[in-house]
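Visitor: Please take me through one part of this model at close range. Then show how that part connects to the rest.

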Amino acid sequence: MDLPIVVGVDGSEPSLRAADWAADEAALRGVPLRLVYASLWERYEGESLAEDVGKPSEQVLAEDIVRAAAERARRRQPGVGISTDVLPEEPEYALVREGRGACALVLGTRGRSGIVETLLGSVSLAVAAHADCPVIVVRPGNDNHVRAGAHRRVVVGVGEQGADSAALRFAVEEARLRRASLNAVRAWRRPAHESTDHPLFAGEPARLHEQHAAEVLDGALKETPADVDLHRRTVEGPARRVLLNASREADLLVVGARRNQGHLGLQLGRVAHALLHHCACAVAVVPERA
């Protein structure tokens, strides 16, 4: 049986945008869509509900929320099989557990009271940091059309995992499904102790660091299928800044996050954390085993 795309919904506009994205993603992959409501979300994220629900927040039941989201998804993608569930437990734990039986989790952004919506809510951040499957966070301003994205471009940040990178494999699959180009980006920086003021350090160290970045990139991409429209780029600068800039002309940005067995804290890394909060497009965080 094909593993479903799972999307967390709570009736808010960000979660409904995520449901739109998830419906398109399920149709693209030919897999079922599962809509999940975790009933304790309001404790953390407030009770702002979308107009689609059509009732005052105090009268809205969990069943109303998932029913409205399911109807919306069916109108958008009639051919996708849809199931729903209401889980009376903490949303972080519920969604991470759901991810063990999913091909991907899709979530919306949701800032806490007093924080603009462009910042990620606590639930989405926790799930992205602990899920065993790829987590796609749909950012504000996305056109919410997976196949016909505005840029027809998937960007992937290439790290040290090389050709064994789960993030790279996921990005290749997304690019093929969308019939989009794949832009593989490797950021590089010269060490801080190398001064560019001295003539002996003016050009050679930078060239060597860039050359090393290009070699890492070539090694990681050596098994990329020939039918993928592949573009590779090395860029000098901090990885988070390089990838944030690349996200402005992408429909999806894919980044890996290392998972260390037995570690209980957030397992994202600074780059993934920054992208989840500030990326200009949807972000897929893909677990990489340490």
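Guide: What follows starts at one helix and works outward through its surroundings.

The model is predicted. The protein chain has nine helices and 10 strands. Of its 290 residues, 52% are buried. Take contacts between residues at least 6 apart in sequence: 79% of them join residues at least 24 apart.

Now the part itself, helix α3. Helix α3 covers residues 62-76, 15 residues in total. From first C-alpha to last, α3 reaches 21 Å. That is close to the 21 Å expected at 1.5 Å a residue.

Which residues of α3 are buried? They are Ala 62, Asp 64, Ile 65, Val 66, Ala 69, Ala 70, Arg 72 and Ala 73. Asp 64 and Arg 72 are on that list along with the alanines. What covers them includes helix α1 (13-29) and two strands, β2 (33-38) and β3 (82-87).

Follow Ala 73 outward. Ala 73 is one of the contacts of Leu 33. Setting aside neighbours within four places in sequence, Leu 33 also touches Ile 5, Val 7, Ala 22, Ala 23, Ala 26, Val 80, Gly 81, Ile 82 and Ser 83. Leu 33 has a special place in the largest nonpolar core. That core has 49 residues, and Leu 33 and Val 254 touch the most other members. A second core, separate from it, has 37 residues, including Ala 38, Cys 133, Ala 246 and Leu 275. In soluble globular proteins, nonpolar side chains tend to be buried together.

Next, the charged link from α3. Arg 76 of helix α3 pairs with Asp 24 of helix α1. They form a salt bridge, with the closest N and O atoms 2.9 Å apart. The two residues are 52 apart, so the bridge joins distant parts of the chain. Their exposure is as follows. Asp 24 counts as buried because its relative accessibility is 9%, under the 20% cut-off. Arg 76, at 24%, counts as partly exposed.

Helix α1 has a further charged partner. Glu 25 of α1 forms a salt bridge with Arg 178, where the closest N and O atoms are 3.8 Å apart. Arg 178 belongs to helix α6 (residues 166-178), so the pair ties together parts that are 153 residues apart in sequence. Both ends are buried: Arg 178 has 2% relative accessibility, and Glu 25 has 0%.

The wider set of charges can be placed beside these. The structure holds 16 salt bridges. One of them joins Arg 232 and Asp 218 at 2.8 Å, N to O. Arg 232 sits in strand β8 (residues 230-236) and Asp 218 in helix α7 (residues 204-221), so this pair ties together parts that are 14 residues apart in sequence. Arg 232 is partly exposed at 44%. Asp 218 is partly exposed too, with a relative accessible area of 39%. Elsewhere, salt bridges that share partners join Glu 25, Arg 29, Glu 173, Glu 174 and Arg 178 into one network.

Another acidic residue is found in helix α4 (residues 91-99): Glu 92. Glu 92 counts as buried because its relative accessibility is 18%. Beyond residues up to four places away in sequence, Glu 92 touches Val 123, Ala 126 and Val 127.

Turn to a strand pair. Strand β7 (residues 181-188) is largely enclosed by the rest of the structure, because seven of its eight residues are buried. Strand β6 (residues 153-157) pairs with β7 in the parallel sense, over five bridges. In one of these, Arg 153 has Ser 181 of β7 as its bridge partner.

Last, the cysteines. How many disulfides are there? The count comes to zero. Cys 279 is in no disulfide, and the nearest cysteine sulfur, that of Cys 281, is 3.8 Å away. The cut-off is 2.5 Å, so that pair does not qualify. Cys 281 is likewise in no disulfide, with the sulfur of Cys 279 as its nearest. Both cysteines are buried: Cys 279 has a relative accessible area of 4%, and Cys 281 has 1% relative accessibility.

Back to the starting point. Helix α3 is covered by elements that include α1, β2 and β3. Its Ala 73 touches Leu 33, and its Arg 76 is bridged to Asp 24.

Note on methods
Residues numbered from 1 in each chain as written. Predicted model: local features only at pLDDT ≥ 70, side-chain atom pairs only at ≥ 80, totals over all residues. Heavy atoms only, no water. Helix = DSSP H or I, 4+ residues; strand = E, 2+ residues; numbered from the N terminus. Expected span 1.5 Å × (residues − 1). Buried < 20%, exposed > 50% of the residue type's maximum accessible area, 1.4 Å probe, protein only. Contact = heavy atoms within 4.5 Å. Core = buried A, V, L, I, M, F, W, Y, C linked by side-chain atoms within 4.5 Å. Salt bridge = Lys/Arg side-chain N within 4 Å of Asp/Glu carboxyl O. Pairing = 2+ DSSP bridges.
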